[in-house]
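Me: Please take a close look at one part of this model for me, the stretch towards the start of the chain, and explain each term as you go. I am new to this structure, so one long, connected answer would suit me best.

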Amino acid sequence: MMRTFVTGGTGFIGGAVVRRLLEAGHEVKALVRPGADTQQLDGLPVEQVRGDLRDPESVRRGMAGCGWVFHVAALYSYWGYRWKDFYQTNVEGTRQALEAARDQGAERVVYTSSIAALGIHKDGSPGYVDTGLNIVDVEDVAVGHLLAAERGQIGRHYILGGENLTLKQVLNLLAEASGRPQVRLHIPHWVAQGWSYVDVTVAKLSRRTPAATPEKVRLSRRYEFFDPARAVRELGLPQTPARVALRKAVEWYRAHGYAP
């Protein structure tokens, strides 16, 4: 059994990592920001360490005595934050977390980044909009974190991915899983782009979060397809079919009252 420290444990991926660590018999400490929604951790035998990535002392305190560190926390949003907020959390916060792990003598650090660090190479055409993405079960991602700690090579990058699907394929699978009609309206990219500017303007006036920002629509021009072969080959990353992962998502949303 290993004593572990997790940043971002209150989040979607971090919460799954915490649960997987507990299932494997590890002792878990999690960094929790003041005021954070802790439903991912509630009821679990997890030591919650109050602190923030921007507070190096709280991070060091949380890591004390831990052999493994999983740095999963990040600020991810297209709305409502300044560039400075992203830099302080995602850049400086990561640097301070890694320095703390070094100073505390951690044996292993698994750092979770975003696909933004990989780059995107293939342009899409006008598109529900036409685009594509990689669909992976969050439980497979959590397993991948533990496998990286156990088997991963130091300094090695692993893509914890699943199936590459077009957005239309994803929507068809969701329709199948939910019993809802298939989405058939194909929206040209220029229409979506124009609407995003209108939506952002209305959102500013009404002080709400826009459904789509121009940045998000611009990203939809590109196919976010990635190859997890190295993680499958070297770590043994499981590959739950996208159809199964999406069905589980539909069931979870319905069970928690987020979808009819």
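Reply: Contact here means heavy atoms within 4.5 Å. With that in mind, and leaving aside its neighbours within four places in sequence, Val18 is in contact with Val6, Gly9, Val28, Leu41, Leu44 and Val46. This is a predicted model, in which local features need pLDDT of at least 70 and side-chain atom pairs count only at pLDDT 80 or more, while totals for chains, interfaces and linings use all residues. Residues are numbered from 1 along each chain as its sequence is written, and side-chain values use heavy atoms, with hydrogens and water left out.

The strands give this part its frame (strands are DSSP runs of E, at least two residues, and helices runs of H or I, at least four, numbered from the N terminus). Strand S1, residues 3-7, runs parallel to strand S2 and is joined to S2 by five bridges (strands pair if DSSP finds at least two bridges between them). Within that pairing, Val6 has Ala30 of S2 standing opposite. S2 also pairs with strand S3, residues 46-50, again in the parallel sense and over five bridges, and here Lys29 has Glu47 in S3 as its bridge partner. With S1 and S3 both paired to S2, how many of the six residues of strand S2 are buried? Five of the six, in the run 27-32, are buried, and the strand is mostly covered (buried means under 20% relative accessible area with a 1.4 Å probe, protein chains only).

Val6, Val18 and Val28 return together in the largest nonpolar core, which has 27 residues and in which these three, along with Leu21, Phe70 and Leu235, touch the most other members (a core is a set of buried Ala, Val, Leu, Ile, Met, Phe, Trp, Tyr and Cys residues joined through side-chain atoms within 4.5 Å). Helix H1, S2, strand S4 (68-71), helix H4 (138-151) and helix H8 (229-235) each supply at least two residues of this core, and H4 gives the largest share, with seven. A second core, separate and made of eleven residues, includes Phe5, Val59, Ala73 and Ala97.

After S3 the chain enters a loop leading to helix H2 (56-63), and Asp52 lies in that loop. Asp52 counts as buried because its relative accessibility is 16%. Not counting residues up to four places away in sequence, Asp52 touches Leu31, Arg33, Ser58 and Val59, and Val59 is also one of the residues of the second core.

Terms used:
Buried means under 20% relative accessible area, exposed over 50%, partly exposed in between (1.4 Å probe, protein chains only).
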